[in-house]
Amino acid sequence: MPPPGGIPDCAPGHPHHGPVISVLFAVLTALSNGAASVLQRRAALTVPDGDAMRLSLIGHLLRQKVWLAGIGLVVVAAVCQAVALATGPIAVVQPIFVIELPATLLLAGFVMRVRVPRPVWFGVAAVTCGLALGMASAAPGGGSATVRGLAWVPALILTALFEAALIVGALATRGNARAALLGLAAACAYALTAALMKDAMARLDDGGGAAALFTSWQLYATAVAGVGALFLLQNALQAGTLVAVQPCLTLGDALISILYGVALFGEELRTGWWLLPELLALGLITAGCVELARSPLAAGNAATPARTRRVD
C-alpha cells in the first residue's frame with residue numbers, strides 16, 4: 001500500500017525490490033561522489049587565493065581535465081541519486097553516502113597499487129561500523145514521497161538563513177575554519193538538493209508522468225540548489241585541507257537530510273534510549289572521516305601533502 005499522497009516505497013513492477021534498489025543506487029551514488037570529491041580537490045589546489053568566492057574560480061577549473069572528469073562523475077551520481085530517492089526514504093538514502101570517502105580511498109589504493117596504510121583501514125572500519133550501528137538503531141522509514149501543502153515555505157526560509165549565517169561566518173575567517181564552514185554550507189545545499197529531487201521525482205508516479213515532472217518548480221529548484229552546492233564545495237576545497245572539509249560535508253549532508261526527511265516527508269526515526277547507540281554511531285563516523293581525510297590518498301597523492309602543491 002503506497003503512503004498517502006506519494007509513490008510507494010517499492011519500484012513499479014517489483015513490489016518487494018524498492019528498498020534494495022534504493023540502497024544499491026545510494027551506494028553507486030556514494031562511489032561516484034567520493035571519486036569526484038578527490039578529483040575536484042586536486043583541481044582546486046591550482047586555484048589562486050584571489051579567485052575565492054568569485055565566478056572566476058569556476059572559469060579556472062573549467063580548463064582542467066581533472067575537474068571536468070570529477071564533474072562527469074557528479075552527473076553520474078545525480079542520476080543514481082534520483083533513482084535511489086525515487087525508490088526509498090531520504091533518511092535511508094542520504095546517510096549511506098558516508099561510505100563515499102572510505103570506498104573511494106580503498107579503490108584509489110587498489111588502482112594506484114599503493115599500500116593502504118593501517119590508519120585508513122581503521123577509518124574504514126569506524127565509518128562502516130558507525131553507519132551499520134546508526135541505521136540499525138535509528139531504523140529510518142515511513143513517510144510519503146511528496147511534501148504536502150506549504151511545508152516548503154518555512155523550510156526554504158530557514159535553510160536560506162542558515163546558509164547565509166555560514167557564508168558570513170566563512171568570509172570572516174580564513175584557512176581551515178573557512179573550509180569547514182563552507183563545507184557545512186555545501187552539505188546543507190546538497191541535502192536541500194536531495195529533498196527537492198525526491199519531491200520532484202515523485203511527480204512521475206503521481207498521475208502526471210513526465211509532464212508533471214518538467215512543470216514542477218521542485219525540478220528547477222533542484223538544479224539551482226545543486227549548482228549552489230557545487231560552487232560552495234569548490235570554495236571549501238580551495239580554502240583549506242580535505243580533513244577540514246570532508247567531515248562537515250559528509251556528516252552535515254547525512255544529518256540535515258534526515259532532518260528534511262522527518263520535517264518535510266514525515267519519515268520516522270527511533271528515539272528514547274536508541275539515541276545512545278545513535279550518538280555512538282555518529283562519533284564513530286566522525287572519527288573515521290577525520291582519519292580518512294588525513295590520508296595522502298584523500299589528497300590525491302600518496303606522498304606529497306596536498307597543501308604544498310597549491311599554485312599561487
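How many residues does helix 3 have, and how far does helix 3 reach from its first C-alpha to its last? The legend to Figure 2 gives the answer, after an overview of the predicted model.

**Figure 1. Overview of the predicted chain, an arrangement with 12 helices and 0 strands.** Residues are numbered from 1 along each chain as its sequence is written, and side-chain values use heavy atoms, with hydrogens and water left out. Because this is a predicted model, local features need pLDDT of at least 70 and side-chain atom pairs count only at pLDDT 80 or more, whereas totals for chains, interfaces and linings use all residues. Helices (H or I, at least four residues) and strands (E, at least two) are DSSP runs, numbered from the N terminus, and along the sequence the chain follows the pattern α-α-α-α-α-α-α-α-α-α-α-α. Of the 312 residues, 49% count as buried, where buried means under 20% relative accessible area, exposed over 50%, and partly exposed in between (1.4 Å probe, protein chains only). The accessible surface of the chain comes to about 14100 Å², 73% of it belonging to carbon and sulfur atoms; such areas come from the Shrake-Rupley method with a 1.4 Å probe, and for residues only the protein chains shown count as cover. Of the contacts (heavy atoms within 4.5 Å) in the chain with a separation of 6 or more, 82% are between residues 24 or more positions apart.

**Figure 2. Close-up of helix 3, residues 65–87.** Helix 3 has 23 residues and reaches 34 Å from its first C-alpha to its last, close to the 33 Å expected at 1.5 Å a residue; the expected span is 1.5 Å times one less than the number of residues. The buried residues of helix 3 include Trp67 and Gly70, and also Ala77, Cys80 and Gln81. Towards the end of the numbering, Ala84, Leu85, Ala86 and Thr87 are among its buried residues as well.

**Figure 3. Close-up of helix 11, residues 242–265.** The 24 residues of helix 11 should span 34 Å at 1.5 Å a residue, and its end C-alpha atoms are 32 Å apart, which agrees. Because 18 of these 24 residues are buried, helix 11 is largely enclosed by the rest of the structure. Helix 11 is followed by Gly266, whose phi is positive, near 70°.

**Figure 4. Close-up of the largest nonpolar core, which has 44 residues.** A nonpolar core is a set of buried Ala, Val, Leu, Ile, Met, Phe, Trp, Tyr and Cys residues joined through side-chain atoms within 4.5 Å. The residues with the most contacts inside this core are Val98, Trp152, Tyr260, Leu264 and Leu292, and its largest share, 8 residues, comes from helix 8 (residues 175–201). Leaving aside neighbours within four places in sequence, Tyr260 is in contact with Thr159, Cys188, Ala191, Leu192, Ala195 and Phe265. Apart from this core lies another, of 18 residues, among them Leu182, Ala185, Ala229 and Leu233.

**Figure 5. Close-up of Gly288 in helix 12, residues 275–293.** Gly288 is buried, with a relative accessible area of 1%. Leaving aside neighbours within four places in sequence, Gly288 is in contact with Gly123, Ala126 and Val127. The C-alpha atoms of Gly288 and Val98 are separated by 10.0 Å, although these residues are 190 residues apart along the chain.

**Figure 6. Close-up of the 2 salt bridges found in a search of the whole structure.** Side chains of opposite charge can pair when their charged atoms come close, and a salt bridge is here a side-chain nitrogen of Lys or Arg within 4 Å of a carboxyl oxygen of Asp or Glu. Asp199 and Arg203 meet through their side chains in one salt bridge (2.6 Å, N to O); Asp199 counts as buried at 0% relative accessibility, and Arg203 counts as buried at 18%. Arg294 forms a salt bridge with Glu291, with the closest N and O atoms 4.0 Å apart. Arg294 counts as exposed at 57% relative accessibility, whereas Glu291 is partly exposed, with a relative accessible area of 27%.

**Figure 7. Confidence along the chain, with a mean pLDDT of 81.** The pLDDT is the predictor's confidence in each residue, from 0 to 100, and 80% of the residues reach 70 or more. Among the elements of the chain, helix 2 (residues 56–62) has the lowest mean pLDDT (67) and helix 7 (residues 152–171) the highest (96). Over residues 1–16 the pLDDT is below 50, and this stretch has 29 contacts in the model beyond near neighbours in sequence. Over residues 301–312 the pLDDT is also below 50, with 26 contacts in the model beyond near neighbours in sequence. Where pLDDT is low, the predicted coordinates should not be read in detail.
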